[in-house]
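Me: I'm new to this one, so could you pick a single part and take me through it slowly? I'd like to know what sits next to what there.

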Amino acid sequence: MCQNSGPGRRSFMGLLAAGTGLAALTACTPEASRPPSGTSSPGVPTPTVQSPAVPSPTGSPTPTAARHTAPAPATGALPPSASLAKQHSLSDPRSPWVVVNKHRPLTPRQFVPPDLVQPAVQLATSGESALLNSTTAAAAARLFAAAAAGGVTLTLASGYRSFQSQTATYNGYVSSRGQAAADTASARPGFSEHQTGWAFDIGDGGGACSFQPCFAEQPAAVWVKANAYKYGFVVRYPWMLHETTGYYYEPWHLRYIGPEAAGDMAKRGILTVEKYFGLEPAPGYR
């Protein structure tokens, strides 16, 4: 997800929904993945969004937020994550396995990580967005160093995003576009992975295609897609799985879940944390 630098993915998808930007998206979004009229899309970068522009949800969100209860795991066979020896909470925002999506807000909504630090990595942002929780920061330092050793430069483009920042951004969209449109351009306060400190957006050292579909072809995106799991990260919003995650493809958005779980997901070929942890898809707000 994006924050305050570069054209946001939501804005780009907004152009798509308006009938423009089709040529630019061709390389990254085939016909089947383009959102139907009225669905969400990546948005314009603003001080703090579910990414310099959060990915777009699928389905038309309802104007009024309904009650938000954590979905029960799918019935039948245990989820793949059940095979791991060490289990973590899927609801506690201090847990590396917490799942935050359009069906699962943070509890409490105004959660603030108690251990925010600035990672020892190359920054392309400042202020609160240059922070991560201490575990993610240490893992990010290892990830960035390994990429550099492989000749690839990563930058931290957007890290932590506070509830207050998310509120200001979201309310700005509501004021200018209305709530239905706001839900396609910004994460609702308390529903952003960035608020947990476990997620961040990367940029490429060359600065090309930040928060744009063409970022998928940049060295940074190619390298993390192939190697991030070794350091505990997954590309949280994969290609063509927006109907599960609620967001369109974001090759820049990484989420820390730990080397054991990330490695297990890679080994099994599972691409979303929803499927890995046995949770229902969350294409839109309930």
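Reply: Let's agree on one word before we start: two residues touch, or are in contact, when they have heavy atoms within 4.5 Å of each other. Keep in mind too that this is a predicted model.

Let's look at the sheet and what surrounds it. Four strands make up an open sheet in the order β3-β4-β6-β5, with antiparallel pairing. The edges are β3 and β5, each of which pairs on one side only. Neighbouring strands here are turned against each other by 50 degrees on average, if you ignore direction. Helix α6 packs on this sheet and touches β3, β4, β5 and β6. The direction of α6 makes about 135 degrees with that of β4.

Start at the β3 edge. Strand β3 covers residues 154–158, and it runs antiparallel to β4 (residues 199–204), with four bridges joining the two. You can pick out who faces whom: Leu 154 stands opposite Asp 204 in β4, while Ser 158 stands opposite Asp 201 in that strand. So is β3, an edge strand, enclosed or open? Five of its five residues are buried, so β3 is largely enclosed by the rest of the structure.

Further along the chain from β4, Phe 211 sits in the loop between β4 and α6. With a relative accessible area of 2%, Phe 211 is buried, since anything under 20% counts as buried. In sequence, Phe 211 is 54 residues from Ala 157, yet their C-alpha atoms are 9.3 Å apart in space.

Now for the nonpolar side of things. The largest nonpolar core has 32 residues, and those touching the most other members are Leu 143, Phe 144, Leu 154, Phe 200, Ile 202, Phe 233 and Leu 254. At least two residues of this core come from each of α3 (134–149), β3, β4, α6 (219–227), β5 (233–237) and β6 (250–256). Helix α3 gives the most, with seven residues.

Phe 233 is a good one to zoom in on. Leaving out residues up to four places away in sequence, Phe 233 touches Thr 136, Ala 139, Ala 140, Leu 143, Phe 200, Ala 228, Leu 254, Arg 255, Tyr 256 and Ala 262. Apart from the core that Phe 233 belongs to, there is another one, of 13 residues, among them Ile 257, Ala 261, Ala 262 and Leu 279.

Two of those names lead us to helix α8 (residues 259–268), where Ala 261, Ala 262, Asp 264 and Met 265 are buried. Look down the axis of α8 and the buried residues fall within an arc of 160 degrees, so they line one face of the helix. Their cover includes β5 and α9. After α8 comes Gly 269, with a positive phi near 75 degrees.

Let's finish in α9 (residues 273–276), which is where Glu 274 is found. Glu 274 has 0% relative accessibility, so it counts as buried. Its side chain makes a polar contact of 3.1 Å with the side chain of Asn 101. Neighbours within four places in sequence aside, the contacts of Glu 274 are Val 99, Asn 101, Arg 236, Thr 244, Thr 245, Leu 279 and Glu 280.

Conventions
Residues numbered from 1 in each chain as written. Predicted model: local features only at pLDDT ≥ 70, side-chain atom pairs only at ≥ 80, totals over all residues. Heavy atoms only, no water. Buried < 20%, exposed > 50% of the residue type's maximum accessible area, 1.4 Å probe, protein only. Pairing = 2+ DSSP bridges. Polar contact = N/O pair within 3.5 Å; in protein donor to acceptor, adjacent residues only side chain to side chain. Core = buried A, V, L, I, M, F, W, Y, C linked by side-chain atoms within 4.5 Å. Axes fitted to C-alpha atoms, helices over the stretch in contact; angles between N-to-C directions. Arc of directions from axis to C-beta.
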